[in-house]
Amino acid sequence: MNTAKTYLITGGAGFIGSHLAEHLLGSGHRVTVIDDLSTGSEENLSAILPHPSFTFIRSRVSECAELEKLVAGSQTVFHLAASVGVKLIIEKPLYSIRNNLQETACILEHACKHKKPFLLASTSEVYGKSSSSYFNEADDLRIGNPHLSRWSYACSKLMDEFMAMASWREHETPVVIARLFNIVGPRQSGRYGMVLPRFVQAALEGRPLTVYGDGTQSRCFCHISDCIRALTQLVEGEPPLGLGEVFNIGTDSEISIAELARRVIALTGSESEIEFIPYEKAYAPGFQDMLRRRPCLKKLLARTGSKPATSLEQIILDIAHSLGKR
Ligand SMILES: NC(=O)c1ccc[n+]([C@@H]2O[C@H](COP(=O)([O-])OP(=O)(O)OC[C@H]3O[C@@H](n4cnc5c(N)ncnc54)[C@H](O)[C@@H]3O)[C@@H](O)[C@H]2O)c1
């Protein structure tokens, strides 16, 4: 029996999308990617571009002429296309807000009309200024002031969540929302402010590792393979396992950014130094960062039976290996 399905991935030439596309093709499915290559690249797709079950469409989501047909013909839509990364959001706030809202509204409408499972990639940033030690999906959310551009990413992604939830409630669109916490691994670009590829690249080149602030802020880093497993598990089944709900995806093992820099230097055998620079210099005056950002993973574990487990050491070595190969 042929059980091959067709999946549509927006933003599939990006870091997470390209790994997801590879995984689905490797499982015997057909995959179509729509990506405008604004932050992604064809290089990310180089291993799968020749695959007979793979189609790449270079377009903005909303400008893709076949969008409705592609949604209607898919088993599931993974909506990953978005403006991502603190640096990009601060440099181009208006473009980023529009991009994150309009593109989601556009494709969600088709998913709604054709009742297609729709997974929205949201972010841990929606937890805003929470001071909880674990961020729980049921928590209230506290976003910063609109005078500070950095919060527009959280807010636009949160509005995407509201749109998806409204579509589920009003029209029974089968939506699943995944709040991703610092997903890392090979192919992630450091260009838009992502800390780990930036550190590893600097360590490999013997340049200083630049820590913003005093480095006591902590994060939890989740390997891309663990993220892909969780994303695909949440849309399995009919109806999808995660139907109408929000799930944190990440790890709950925490490390300070200063310690992360030290760990990267040690594991890569680098002689780089660590440089501390104020947030204001790195981003903009009045920049606000969250001190901690740790997911509660109980819901993910209860529903899927597993939670991300790749160690930080493995993650750093994996990134170093992939950057070293370039
Ligand atoms: N990487 C993380 O740790 C992380 C954390 C939280 C949330 N997310 C979410 O996961 C998704 C993927 O993130 P990523 O880390 O792979 O980033 P990425 O920048 O590598 O991928 C985003 C992709 O979307 C494409 N894109 C942007 N706007 C588009 C548009 N209008 N039309 C078509 N393509 C468009 C870009 O070219 C890029 O390839 C995003 O929605 C992001 O908000 C990622």
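**View 1. Ser122 and Arg179 face each other across strands 5 and 6.** In this predicted model, Ser122 has Arg179 of strand 6 as its bridge partner. The two strands run parallel, and six bridges join strand 5 to strand 6, which covers residues 175–180. To get from strand 5 to strand 6, the chain passes through helix 5 (residues 151–171), and this β-α-β crossover is right-handed.

**View 2. Strand 5 is under cover from end to end.** Take a look at the strand on its own: six of its six residues are buried, so you can call strand 5 mostly covered. Phe118, Leu120 and Ser122 point one way, while Leu119, Ala121 and Thr123 point the other way. Side chains in a regular strand alternate between the two faces of the sheet. Here, both sets of residues on strand 5 are buried.

**View 3. Strand 4 pairs with strand 5.** Strand 4, residues 76–79, lines up with strand 5 in the parallel sense, with three bridges between them. Two of the facing pairs are worth picking out. Phe78 stands opposite Leu119 of strand 5, and Val77 stands opposite Phe118 of strand 5. What about the directions of the strand 4 residues: which of them point one way and which the other? Thr76 and Phe78 go one way, Val77 and His79 go the other way, and all of these are buried.

**View 4. Strand 1 pairs with strand 4.** Strand 4 also pairs with strand 1 (residues 6–10), again in the parallel sense, over four bridges. In this pairing, Leu8 stands opposite Val77 of strand 4. Val77 therefore turns up in two pairings, with Leu8 of strand 1 and with Phe118 of strand 5.

**View 5. Arg150 sits in a loop and is still buried.** You'll find Arg150 in the loop between strand 5 and helix 5. Why does this arginine, Arg150, count as buried? Because it has 20 C-beta neighbours inside 10 Å, and 20 or more is what the label asks for. Once its neighbours within four places in sequence are set aside, Arg150 is in contact with Val86, Ile89, Ile90, Phe287 and Gln288. Glu91 is 59 residues away from Arg150 along the chain, yet their C-alpha atoms are separated by 9.5 Å.

**View 6. The shell around the ligand draws on helices and strands.** How many residues surround the ligand? There are 27, and the closest are Gly11, Gly14, Gly40, Ala81 and Ala82. At least two shell residues come from each of helix 1 (15–26), strand 2 (30–35), helix 4 (93–114) and strand 5 (118–123). Helix 1 gives the most, with three residues. By type, the shell splits into 13 nonpolar, ten polar and four charged residues.

**View 7. Stepping back to the whole protein.** The secondary structure adds up to eleven helices and 13 strands. The C-alpha atoms fill a box of roughly 55 × 45 × 40 Å along the principal axes. A compact globule of 326 residues would have a radius of gyration near 20 Å, and the 19 Å of this protein agrees with that. Of the 326 residues, 43% count as buried. Among contacts with a separation of 6 or more, 79% are between residues 24 or more positions apart.

Notes
Residues are numbered from 1 along each chain as its sequence is written. This is a predicted model: local features need pLDDT of at least 70, side-chain atom pairs count only at pLDDT 80 or more; totals for chains, interfaces and linings use all residues. A residue is near a molecule or strand if its C-beta atom, placed from the backbone, lies within 6 Å of it. Ala, Val, Leu, Ile, Met, Phe, Trp, Tyr, Cys and Pro count as nonpolar, Asp, Glu, Lys and Arg as charged, and the others, Gly among them, as polar. The radius of gyration is taken over C-alpha atoms; the globule rule is 2.2 Å times the number of residues to the power 0.38. A residue is buried if 20 or more other C-beta atoms lie within 10 Å of its own, exposed if 12 or fewer, and partly exposed in between; C-beta atoms are placed from the backbone. Two residues are in contact if their C-beta atoms, placed from the backbone, lie within 7 Å. A crossover is right-handed if, with the strands pointing away from the viewer, the path from the first strand over the helix to the second runs clockwise.
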